[in-house]
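Dear colleague,

I am handing over the structure below, and after it I set out what was found there. Please have it open beside you as you read.

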Amino acid sequence: MAYLNAQQRENLLNELSKLNFNKAKGKVRGLDPKSRLVVFRNAQGTGRWITRYDLPTLGTRVTLVESHQDALHGGKFKSEFELAEVIVEALPGNAN
C-alpha cells in the first residue's frame with residue numbers, strides 16, 4: 001500500500017473531524033493493519049488530552065485531541081470528553 005499524499009491526509013482529517021472520539025479511533029485503527037497506539041489520553045495541559053496513532057504502512061501519524069471537563073450529574077462528578085481537534089501529519093519517511 002502506498003503512502004498517503006497531502007491531499008489524502010487532508011481528506012482523512014476532514015472525515016475524522018466529523019466523528020466522535022470512539023468512531024474516529026476505530027476508523028484510524030482500521031485504516032492500517034500495522035497501526036500502533038503511541039499515546040492514549042495523555043494529559044497535555046489543563047483539559048487537553050491526546051491519543052496518537054502511527055500508521056506505518058500509510059506513512060501517517062494521527063493525533064486525536066480531546067477536551068476534558070468534570071461535570072456534576074445527580075450529585076456526582078462525571079468526566080466528559082469531547083473530540084476537539086484532529087491532527088494528521090506525515091511520518092518522517094513519507095516525502096509525499
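**What was found**

A search of the whole structure, which is a predicted model, turns up one aromatic pair. The partners are W49 and F81, which meet edge-to-face, with 5.6 Å from centre to centre and 90° between the planes. Because W49 belongs to strand β2 and F81 to strand β4, the pair ties together parts that lie 32 residues apart in sequence. W49 is partly exposed, with a relative accessible area of 24%, and F81 is also partly exposed, with a relative accessible area of 30%. The ring of F81 has a further neighbour in R41, whose charged end sits over that ring, 3.9 Å from its centre.

The strands that carry these residues are best followed in order along the chain. Strand β1 (residues 36-43) pairs with strand β2 (residues 48-55) in the antiparallel sense over five bridges, and within this pairing V39 has R52 of β2 as its bridge partner. The two strands form a hairpin with four residues between them, and in the turn G45 has a positive phi of about 110°.

Strand β2 in turn pairs with strand β3 (residues 60-73), again in the antiparallel sense, over eight bridges, with I50 standing opposite V65 of β3. Four residues separate the strands of this hairpin, in which G59 takes a positive phi near 65°.

Strand β3 then runs antiparallel to strand β4 (residues 76-90), to which 14 bridges join it, and here A71 stands opposite K78 of β4. The hairpin of β3 and β4 has two residues between the strands, and G74 takes a positive phi near 60°.

The remaining notes concern helix α2 (residues 21-31), whose buried residues are F21, A24, K25 and V28. Seen down the axis of α2, these buried residues fall within an arc of 100°, so they line one face of the helix. As general background, an α-helix has 3.6 residues a turn, so residues three or four places apart point the same way. On the other side of α2, N22, K23 and G30 are exposed.

What do the buried residues of α2 pack against? Their partners are helix α1 (6-17) and the strands β1, β2, β3 and β4. At the N-terminal end of α2, finally, N20 acts as a cap, with a side-chain oxygen 3.3 Å from the backbone nitrogen of N22.

With best wishes

Conventions
Residues numbered from 1 in each chain as written. Predicted model: local features only at pLDDT ≥ 70, side-chain atom pairs only at ≥ 80, totals over all residues. Heavy atoms only, no water. Pairing = 2+ DSSP bridges. Phe/Tyr/Trp six-rings, centres within 6.5 Å; stacked < 30°, edge-to-face > 60°. Buried < 20%, exposed > 50% of the residue type's maximum accessible area, 1.4 Å probe, protein only. Lys NZ or Arg CZ within 6 Å of the ring centre and 35° of its normal. Arc of directions from axis to C-beta. Contact = heavy atoms within 4.5 Å. Polar contact = N/O pair within 3.5 Å; in protein donor to acceptor, adjacent residues only side chain to side chain.
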